[in-house]
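Ready for some practice in reading a protein model? Work through the exercises below with the structure open beside you, and try each task before you look at its solution.

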Amino acid sequence: MTRWSQLGHKTYKENPSDAEIPSHQLLVRAGMIKKLSPGIYTYGPLALRAMRKVEAIIRDEHDKEGCQELLMPMVQPKALWEESGRWGYPELLSLKNRNDHDFCLGATHEEVITDYVRNDITSYKELPVILYQVQTKYRDEIRPRFGLMRGREFIMKDAYSFDESVEAAHKSYAKMKEVYKNIFNKLGLEYRIVKADAGAIGGSLTEEFQVLAEIGEDELLVSDNSDFAANIEICEALKVACDFDHVKKEESLEEFATPDLKTIEDLAKSLNVEAASLVKTMFFEGTKESKVFQFTVLLRGSDQVNSIKLKNRLSLDDEPRMLTDTEVKALTGASPGSCGPVGLKTPIYADHNLRDYKSMVVGANKDGFHLKGVSPERDFKIESFFDLALAREGAPSPDGKGTLKSIRGVEVGHIFYLGQKYSASMKASFLNQQGKACFFEMGCYGIGVGRTMQAAVEQSHDEDGIVWPKSIAPFDIHISLLDNTDEINSYVEDLSKKVEELGLTVFVDDRKERPGVKFKDADLLGFPVRLVIGKRGFTNGLIEVFNRKTKEKIESSLKEAVEKIKGILC
């Protein structure tokens, strides 16, 4: 049993000015987290209890599958990151020690775990191995926001698998995917597993575990008739049949004036055609193997470009940058809105939905003019066609089942098959059955502990406060003690011992506050069951049992209270 008077705890009536979403507002108002500086928070005792429960579920499921826990340093030497080629990673916070040696705060631990394993595991006989830790990370986010959702310092569980072959690595990946499903099922969260982009971590196979929430940072596209789900960043946009007869037949090239028509919408209205029948021309700068180059992208006028697809398909080092208006004019001779592919010297890439377009309307590279009847085979060269548009709601699902609908999610877990990305660059090898030195096949698997806790709050709250899932509630039972007499205290002590024998935890609000204040705070803190014990009811042998989730109030005798609690929690 824990008493409020032991916590030094305080709640707040007003939402913090920098909190934009309900979960952030509620965690701060409930006194569970306190901002030290942007993106850096102190976890109060109640928040820490919830996070420890998240960690316990994580450890239990990992340990069941033979994963081994270790703990790696947060401060990492520059030399390791230079081996992997990731020194200079934008979110890396670097520092020097008193000997002028370069270090960084651990944004992630692929380099450290690879170094750890390469010094110990030398034979295929010692594989497979999956190692994990729960550790503090630091990523120097440009704009931290949403509390623990997008912080700079955060607690994360990261695991790493080492295998002798691609086939074995895929088995480890599949096993860890099941581990993650078990974790999020135990947490009681509504989530989806979605195809995702690997980002700075790298790897050829990756999926995210997204907790569904209206304010989620990520837009997800899911089928309305299957289990298909993907982050919009990488969701395939299927090629669809061209419905515009006037673009399928090659025509003669003709320039025409388009004064004051700066957008696709304006041009479509002027020509009385669908925006999708027009062609949008966009200009980018990309870096590949440290070499910078400009390129041009064509897509239907109704589509939006997907920069993640461009990065992956063109094997760029980072997402490409769209050229500024000044750079576009220097490249084409015209301002944006009057530009097109004819006469350009840059590589040109086109969305696959333009394959059937034999007669295009594009900018003439002369301000206030466009061209019609432009033929990609006759008038300019396309390097390649591929899927480069953002998929959207209402489009056919890539698995051929149903159509896509948009939902939002909070990424709480991410799993990657890395292959030899780190083992090859860091020369981490073992001897296979033939005695040949081979690089490890690796995978990595992360869960944001604090982010998961906050995502649970975002998914489970109401107008009065947090509604904790039973699995991670800081306490199971909240006793609002309205009167503090020896007889009542004795009953509370006895009741607490009985429910604690059932594995339940008890929090007692013993403050000298008005009942209304205690009830509001109990709703705000959101523990699953509230007991209201006051002198008047106690004298009559009664207490109130309140289900926080359903808001059902049950009048119980003193003797039946334990059974009523069991009925809700057990």
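## Exercise 1: A hidden space

Find how many cavities of 30 Å³ or more the structure holds, and list what lines the largest.

Step 1. The structure holds one cavity of 30 Å³ or more. On a 1 Å grid over the protein atoms alone, a cavity is a set of points where a 1.4 Å probe fits but cannot get out, and lining residues have an atom within 4 Å of a point. This is a predicted model, in which local features need pLDDT of at least 70 and side-chain atom pairs count only at pLDDT 80 or more, while totals for chains, interfaces and linings use all residues. Residues are numbered from 1 along each chain as its sequence is written, and side-chain values use heavy atoms, with hydrogens and water left out.

Step 2. The largest cavity contains about 30 Å³ of space, a volume being the space filled by probe spheres set on the points.

Step 3. Its lining consists of Phe 146, Met 149, Ile 215, Glu 217, Val 410, Glu 411 and Arg 451.

Step 4. Sorted by class, that lining has four nonpolar, no polar and three charged residues. Here Ala, Val, Leu, Ile, Met, Phe, Trp, Tyr, Cys and Pro count as nonpolar, Asp, Glu, Lys and Arg as charged, and the others, Gly among them, as polar.

## Exercise 2: Helix 1 and helix 10

Work out how the axes of helix 1 and helix 10 cross, and which residues make the contact.

Step 1. Look for residues 22-29 (helix 1) and residues 449-459 (helix 10). Helices are DSSP runs (H or I, at least four residues), numbered from the N terminus.

Step 2. Their axes come within 8 Å and cross at roughly 105 degrees. Axes are lines fitted to C-alpha atoms over the stretch in contact, and angles run from 0 to 180 degrees between N-to-C directions.

Step 3. Helix 1 is therefore roughly perpendicular to helix 10 (the term covers 65 to 115 degrees).

Step 4. Pro 22, Ser 23, His 24, Leu 26 and Leu 27 of helix 1 touch Met 453, Gln 454, Val 457 and Glu 458 of helix 10; contact means heavy atoms within 4.5 Å.

Step 5. By class, this contact has five nonpolar, three polar and one charged residues.

## Exercise 3: Helix 11 and helix 14

Describe how helix 11 packs with helix 14.

Step 1. Helix 11 (residues 486-500) and helix 14 (residues 561-569) have axes 10 Å apart, at an angle of about 40 degrees.

Step 2. Tyr 491, Leu 495, Lys 498 and Val 499 in helix 11 meet Ala 561, Val 562 and Ile 565 in helix 14.

Step 3. That contact has six nonpolar, no polar and one charged residues.

Technical notes. Helices (H or I, at least four residues) and strands (E, at least two) are DSSP runs, numbered from the N terminus. On a 1 Å grid over the protein atoms alone, a cavity is a set of points where a 1.4 Å probe fits but cannot get out, and a pocket is an open set with protein on both sides within 12 Å along at least five of seven lines; lining residues have an atom within 4 Å of a point. Angles under 35 degrees count as roughly parallel, over 145 as roughly antiparallel, 65 to 115 as roughly perpendicular and the rest as oblique.
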